[in-house]
Amino acid sequence: FFSLLLAGFGDLSVGILGIAAVLIFIAHSLPPLFIARTGYGEILEAFLLAAIYPLLGYSLQSSNFHYAVSILIFPLFLQVVAYLLAIAFPRFGRDDDQGTHSILHRLTWQKAVSVHHILLLASYAIVCLMPFAGIPWSLSWPVLLGLPLAILQIVWLQHIADGGKALWKVFKILPPVSCILFSYLFTFSFWSH
């Protein structure tokens, strides 16, 4: 980040975002905070992936801030938290044995299933409401193409939570694909307009 500033790329916002990213890394991974093992590490990771990196990318390309970026961060943040929550389910027992606490342990898996569903559906609901915030519908509707995959993820996880057969190897594919597709479709709709 600092080398970008020294080379003349970006402005003060790039430096601030770079410092924020470094502080998040330190708080997440190093003692005394070591938030990664407290059950709140996923929130920091989601903030880093869904807010800091997109803002940094936008700041490197533009000298002025656009309100649309801040609106887009919120549904992306919800998607990333849902993704991090979903990928914690298959390793729940192993993490419990190792004493690693994830957000799933903090919520308990029964509540986490509902929270996962709400986060996914809320991210798509916010996308549907974006035209009321001034984001053109032509930029937000392509993201809804990923909704069937998110619904499949919700149905599959609910099936597992209800006592159905847990095909974790197959389920592990859904959360990353759903989250990547969500962010890709946003990015593609902005590039194409």
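**Helix packing and nonpolar cores in the predicted model**

Histidine 28 is located in helix α2. The model described here is predicted. With a relative accessibility of 15%, histidine 28 counts as buried, because the cut-off for burial is under 20%. Beyond its neighbours within four places in sequence, histidine 28 is in contact with Phe34, Ile35, Ala36, Gly41, Leu44 and Glu45.

Helix α2 spans residues 12–29, and helix α3 spans residues 41–61. Their axes come within 10 Å and cross at roughly 160 degrees. α2 is therefore roughly antiparallel to α3, as angles over 145 degrees are classed that way. The crossing of the two helices is left-handed. On the α2 side, the contact is made by Ser13, Val14, Leu17, Ala20, Ala21, Ile24, Phe25, Ala27 and His28. The α3 side contributes Gly41, Leu44, Glu45, Phe47, Leu48, Ile52, Tyr53, Leu55, Leu56, Ser59 and Leu60. By class, the residues of this contact are 15 nonpolar, four polar and one charged. Histidine 28 is thus one of the α2 residues in the contact, and among its own partners are Gly41, Leu44 and Glu45.

A second helix pair involves α4 and α7. Helix α4 covers residues 67–88 and α7 covers residues 109–129. The two axes come within 8 Å and cross at roughly 155 degrees. This angle makes α4 roughly antiparallel to α7. α4 passes α7 in a left-handed crossing. From α4, the residues that meet α7 are Phe74, Pro75, Leu78, Gln79, Val81, Ala82, Leu85 and Ala86. Their counterparts in α7 are Ala112, Val115, His116, Leu119, Leu120, Ala122, Ser123, Tyr124, Ile126 and Val127. This contact divides into 15 nonpolar residues, three polar and no charged.

Nonpolar side chains tend to be buried together in soluble globular proteins. In this model, the largest nonpolar core holds 25 residues. Ala46, Phe77, Val80, Val143, Phe182 and Phe186 touch the most other members. At least two residues of this core come from each of α3, α4, α7, α9 (147–161) and α11 (174–191). The largest share, nine residues, is supplied by α4. Another core, of 12 residues, lies apart from this one. Leu85, Ala88, Phe89 and Ala112 are among its members. Leu85 of α4 and Ala112 of α7 also appear in the contact between those two helices.

Valine 143 belongs to the largest core. Leaving aside neighbours within four places in sequence, valine 143 is in contact with Tyr124, Val127, Phe182, Leu185 and Phe186. Two of these partners, Phe182 and Phe186, are themselves listed with valine 143 as touching the most other core members.

Serine 140 lies in helix α8, residues 137–140. The relative accessible area of serine 140 is 0%, so this residue is buried. Its contacts, with neighbours within four places in sequence set aside, are Val127, Met130 and Pro131. Val127 is also in contact with valine 143.

Threonine 187 sits in helix α11. Its relative accessibility is 31%, and it therefore counts as partly exposed. Threonine 187 and tryptophan 137 are separated by 50 residues in sequence. In space, their C-alpha atoms are 14 Å apart.

Definitions and conventions: Residues numbered from 1 in each chain as written. Predicted model: local features only at pLDDT ≥ 70, side-chain atom pairs only at ≥ 80, totals over all residues. Heavy atoms only, no water. Axes fitted to C-alpha atoms, helices over the stretch in contact; angles between N-to-C directions. Helix = DSSP H or I, 4+ residues; strand = E, 2+ residues; numbered from the N terminus. Parallel < 35°, antiparallel > 145°, perpendicular 65-115°, else oblique. Left-handed = near helix turned anticlockwise from the far one by under 90°. Contact = heavy atoms within 4.5 Å. Nonpolar A, V, L, I, M, F, W, Y, C, P; charged D, E, K, R; others polar. Core = buried A, V, L, I, M, F, W, Y, C linked by side-chain atoms within 4.5 Å. Buried < 20%, exposed > 50% of the residue type's maximum accessible area, 1.4 Å probe, protein only.
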